[in-house]
Amino acid sequence: MAYLLAMPRWFNTAGPCEPADHYMLPALRRLPEVQHLIDQRSYFVVHAPRQVGKTTALLSLARELTHEGRHVAVLVSMEVGAGFPQDIGAAEAAVLQSWRAAARAQLPSEALPPAFPEVPPGSRISAALEAWAVAVAPRPLVVFLDEIDALRGDVLVSVLRQLRDGYRNRPGHFPSSLALVGLRDVRDYKVDATAHDRLGTSSPFNIKVESLTLRNFTRDEVADLYQQHTEDTGQTFLQEAVDRAYYWSQGQPWLVNALARQMVERLVPERGQPLTVAHVDAAKELLLRRQDTHLDSLAERLREPRVRRIIEPMLAGLTLGDVAEDDLRFVQDLGLVRMAATGGLEIANPLYREVIPRVLANTAVASLPPLTSAPWLRADGRLDMERLMEAFLAFWRQHGQPLLGTAPYHEVAPHLVLMAFLHRVANGGGTLEREYAIGTGRMDLCLRHGPDTLAFELKVWRDGEKDPLAEGLAQLDGYLSGLGLDTGWLVIFDRRGGQPPIAERTHASRAVTPAGRQVSVVRA
């Protein structure tokens, strides 16, 4: 008789995690409050950015609760109802059909829902939940409604009102505990199917007790997750590699898994070889070049006006100005930015900080003429800094003006075009790292190519401002000091009106920083 061998687990980057297949952390570790809320028969909200593990955590919790025997718990999705924004009856029918499939996949036969009552549109969700709660009694029914914020308009409001109406009949005739699960909190759900109007209040779901969010992994949790791979395969992650993975991801679960997956499946499939910092950095570069679904979906958001109003000034180092509170919440809910521990808005993690300007520079990169040689490389493969300067000046004089029009963010158009050029240099065997922050009036770039490192301080000279040379030299000093370098480039983009064409005004000179460093100054 043949027996199937157990398949090894792997790092999951698509869909909910399954304990038998994937490395994963305990469900309640990042949602410790949920058990208490369920015990109190509470209705609550769980909201967090995409790909942080909401569905995985609550699906796992539902299975645990049912297995313990005190509850019947299930995670069902509302997403299919989004296809019928103007037809409540059709949306309800699609949702209830998907619930039956989810229940069959998750629950034992005695906990499956009965035939749902035939009732008029606008009451089918509450009638189905009532019938289900009665059928599984005396065990209380616990329901997690995933993707609730996929619904829009009248369908959304109808569902919320049905839940509120049935709430008073729990636990015997309605779910004892229920959670709305989605990207945003209730007050930020869309009311209109086409516009940006929001509920602006928890009503018509004013029965919620708490709004919870799912935090990222801690550094120790990243280590725990990676240790599962070591226990299964014998392949170790060096502590420095775990630290580096946490640095790039800041514990964002999809990134933590995606970095590990690239390392163990593509870069180092030999299980006897340990995983190092260099492997983490190489995995990061692979993710940036591939722009898998998660990163690609974030990139698509960058062109939305309400996202651009936040991200563009951050890239340019400007203050946000008069930005709507809802826009701030929206971009944080997407997981693109976060409030720093010391105050102020920052990009959510260093990997997103890399991918955002790279995505925005894609059009400029695609617009460049084919590269026939790399004149900035010496015969030994090292960077020739003088030739690199000559190549950049020639590039900027010839291509700067037309390429500025390809950049989607006007305030940082020259930064993006410069990065398009530097990506060509980096793609020959290096990396390009970026740093930027609100209110600093600057962007820092670091080009690493083999043993060579070149730092760039980027400044913009706008109408009504003084020449940023002195400020830029002082800022470049600080940046070079942090990198342990003695020289670098200060690039000043002149965006004032009435200036000569780029081809005529672009030039380079030498200058001395306040700390006495000899640096290059490029005016473009």
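Start by selecting helix H5, residues 153–167, in this predicted model, and ask how much of the helix is hidden: how many of the 15 residues of H5 are buried? The count is 11 of the 15, so H5 is largely enclosed by the rest of the structure. If you colour the buried positions of H5, you will mark Gly 153, Val 155, Leu 156, Val 157, Ser 158, Val 159, Leu 160, Gln 162, Leu 163, Gly 166 and Tyr 167. To see what covers these buried residues, show the elements around them, which include strand S1 (43–47), helix H3 (88–106), H4, S3 and strand S4 (177–182). Before you leave H5, draw a line from its first C-alpha to its last, and you will find that the helix reaches 22 Å, close to the 21 Å expected at 1.5 Å a residue.

**Two cis peptide bonds**

Follow the chain out of H5 into the loop between H5 and S4, where Pro 171 is found, and select the bond that joins Arg 170 and Pro 171, which is a cis peptide bond with omega about 0 degrees. Next select Pro 138, whose place is in the loop between helix H4 (124–136) and strand S3 (141–146), and look at the peptide bond from Ala 137 to Pro 138, which is also cis, with omega near 15 degrees. These bonds deserve a pause, because most peptide bonds are trans. Is Pro 138 buried or exposed? With a relative accessible area of 82%, Pro 138 is exposed. Now add His 71 to the selection: His 71 and Pro 138 are 67 residues apart along the chain, and their C-alpha atoms are separated by 8.9 Å.

**Positive phi angles**

Move to the loop between helix H1 (34–39) and S1, where Arg 41 lies, and check its backbone: Arg 41 has a positive phi of about 60 degrees although it is not a glycine. Its relative accessible area is 43%, so Arg 41 counts as partly exposed. On the other side of S1, in the loop that leads to helix H2 (54–68), select Gln 51, which has a positive phi of about 65 degrees and is not a glycine either. Gln 51 is partly exposed as well, at 35% relative accessibility. Most residues other than glycine have a negative phi.

For a glycine with a positive phi, go to helix H12 (residues 325–333) and step just past its end to Gly 335, where phi is about 85 degrees. Within H12, the buried residues are Asp 326, Asp 327, Leu 328, Phe 330, Val 331 and Asp 333. Keep Phe 330 selected and add Arg 306, which lies over the face of Phe 330 at 4.1 Å from the ring centre. A second arrangement of this kind can be found at Phe 116, where the charged end of Arg 100 sits over the ring, 4.4 Å from its centre.

**The nonpolar cores**

Which residues touch the most other members of the largest nonpolar core? In this core of 96 residues they are Tyr 226, Ile 311, Ile 356 and Leu 447, while the largest share of the core, 10 residues, comes from helix H16 (residues 413–426). A second, separate core has 39 residues, among them Val 143, Tyr 167, Val 186 and Ile 207. In soluble globular proteins, nonpolar side chains tend to be buried together.

Now centre the view on Tyr 226 and show its surroundings: leaving out residues up to four places away in sequence, Tyr 226 touches Phe 11, Phe 237, Val 242, Ala 245, Val 256, Leu 259 and Ala 260.

**Aromatic rings**

A search of the whole structure finds 15 aromatic pairs, and one of them is formed by Tyr 226 and Phe 237, whose rings are stacked at 4.3 Å centre to centre with 25 degrees between the planes. Tyr 226 belongs to helix H6 (residues 219–233), whereas Phe 237 is in the loop between H6 and helix H7 (239–249), and both residues are buried. Also in helix H6, select Thr 230, which is buried because its relative accessible area is 14%, and which is in contact with Gln 235, Thr 236 and Phe 237, leaving aside neighbours within four places in sequence.

For the last stop, select Trp 376, Phe 392, Phe 395, Trp 396, Phe 421, Phe 456, Trp 489 and Phe 493, which together form one aromatic cluster.

Notes:
Residues numbered from 1 in each chain as written. Predicted model: local features only at pLDDT ≥ 70, side-chain atom pairs only at ≥ 80, totals over all residues. Heavy atoms only, no water. Core = buried A, V, L, I, M, F, W, Y, C linked by side-chain atoms within 4.5 Å. Buried < 20%, exposed > 50% of the residue type's maximum accessible area, 1.4 Å probe, protein only. Helix = DSSP H or I, 4+ residues; strand = E, 2+ residues; numbered from the N terminus. Contact = heavy atoms within 4.5 Å. Phe/Tyr/Trp six-rings, centres within 6.5 Å; stacked < 30°, edge-to-face > 60°. Lys NZ or Arg CZ within 6 Å of the ring centre and 35° of its normal. Expected span 1.5 Å × (residues − 1).
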